[in-house]
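Here is a short set of exercises to work through with the model open beside you. Try each task before you read its solution.

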Amino acid sequence: YFHGCYVNYNYPQLGKDLVKVLNALGVGVQLLDGEKCCGIAMITNGMSARATKNAVHNIECLRKAGADKGMKVLTTSSSCTMTLRDEVGEIVMTRVE
């Protein structure tokens, strides 16, 4: 579960409620170890080096959690979802090139 900055700093109850509902449905939830901001604010404000650093870190956290083995990643933030799904790969590939 990628909770994102909004849940982490502004509305933690949303994250707790999601975990509670998923557990009630028999779905286990794994929190990421050391998750950082998805980078949307950094990307928007031209801080590409910092966004790239966070992206690389979060990819490693997701891999450790099993996302590269087919585990699904849930978020409660639409902007984090969009960033992880659409922006992070491009950021990291730009870094590699």
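**Exercise 1. The fold along the chain**

What pattern does the chain follow when read along the sequence?

*Solution.* Keep in mind that this is a predicted model. Start by counting elements: the chain has five helices and zero strands. Then read along the sequence, and the pattern comes out as α-α-α-α-α.

**Exercise 2. Overall dimensions**

Work out how the radius of gyration of the chain compares with that of a compact globule of 97 residues.

*Solution.* Step one is the expectation: for 97 residues, a compact globule would have a radius of gyration near 13 Å. Step two is the value for the chain, 14 Å, which agrees. Step three adds the outline: along the principal axes, the C-alpha atoms fill a box of roughly 45 × 30 × 20 Å.

**Exercise 3. Surface, burial and charge**

Describe the surface of the chain, its buried share and the placement of its charges.

*Solution.* First, the accessible surface comes to about 6400 Å², and 55% of that belongs to carbon and sulfur atoms. Next, 29% of the 97 residues count as buried. Finally, take the mean position of the 11 positive charges and that of the 9 negative charges: these two points are 6 Å apart.

**Exercise 4. Checking two helices**

Test whether the end-to-end distances of α2 and α4 fit their numbers of residues.

*Solution.* Begin with α2, residues 12-24. Its 13 residues, at 1.5 Å a residue, should span 18 Å, and the end C-alpha atoms are 19 Å apart, which agrees. Now take α4, residues 48-65: its 18 residues should span 26 Å, and the end C-alpha atoms are 25 Å apart, so the two values agree.

Then look just past each helix. Gly26 follows α2 and has a positive phi, near 85 degrees. Gly66 follows α4, again with a positive phi, near 105 degrees.

**Exercise 5. The buried side of α4**

Which residues of α4 are buried?

*Solution.* Going through the helix, we find Ala51, Thr52, Asn54, Ala55, Asn58, Cys61, Leu62 and Ala65. To read such a list, recall that an α-helix has 3.6 residues a turn, so residues three or four places apart point the same way.

Two residues from this list, Leu62 and Ala65, lead us to the next exercise.

**Exercise 6. A loop residue and its partners**

Is Leu32 buried or exposed, and which residues does Leu32 touch?

*Solution.* Locate Leu32 in the loop between α2 and α3. Its relative accessibility is 13%, under the 20% cut-off, so Leu32 counts as buried. Leaving out residues up to four places away in sequence, Leu32 touches Tyr1, Phe2, Cys61, Leu62 and Ala65. As a distance check, the C-alpha atoms of Leu32 and Arg63 are separated by 9.7 Å, with their places 31 residues apart along the chain.

**Exercise 7. Where α3 meets α5**

Compare the accessibility of Ile40 and Thr83, and trace their contacts.

*Solution.* Ile40 lies in α3, residues 40-44, while Thr83 is found in α5, residues 78-96. With 25% relative accessibility, Ile40 counts as partly exposed; Thr83, at 0%, counts as buried.

For the contacts, residues up to four places away in sequence are again set aside. Ile40 touches Ser79, Met82 and Thr83, and Thr83 touches Cys38, Ile40, Ile43 and Val88. Their C-alpha atoms are 6.2 Å apart, although Ile40 and Thr83 are 43 residues apart in sequence. For Thr83 and Gly39, 44 residues apart in sequence, the C-alpha distance is 7.3 Å.

**Exercise 8. A contrasting pair**

How far apart in space are Val21 and Ala55?

*Solution.* Val21 is found in α2 and, at 47% relative accessibility, counts as partly exposed. Ala55 is one of the buried residues of α4. The two are 34 residues apart in sequence and 28 Å apart in space, C-alpha to C-alpha.

Technical notes: Residues are numbered from 1 along each chain as its sequence is written. This is a predicted model: local features need pLDDT of at least 70, side-chain atom pairs count only at pLDDT 80 or more; totals for chains, interfaces and linings use all residues. Side-chain values use heavy atoms; hydrogens and water are left out. Helices (H or I, at least four residues) and strands (E, at least two) are DSSP runs, numbered from the N terminus. The expected span of a helix is 1.5 Å times one less than its number of residues. Buried means under 20% relative accessible area, exposed over 50%, partly exposed in between (1.4 Å probe, protein chains only). The radius of gyration is taken over C-alpha atoms; the globule rule is 2.2 Å times the number of residues to the power 0.38. Accessible areas come from the Shrake-Rupley method with a 1.4 Å probe; for residues, only the protein chains shown count as cover. Lys and Arg count as positive and Asp and Glu as negative; His and the chain ends are not counted. The place of a charge is taken as NZ of Lys, CZ of Arg, CG of Asp or CD of Glu. Contact means heavy atoms within 4.5 Å.
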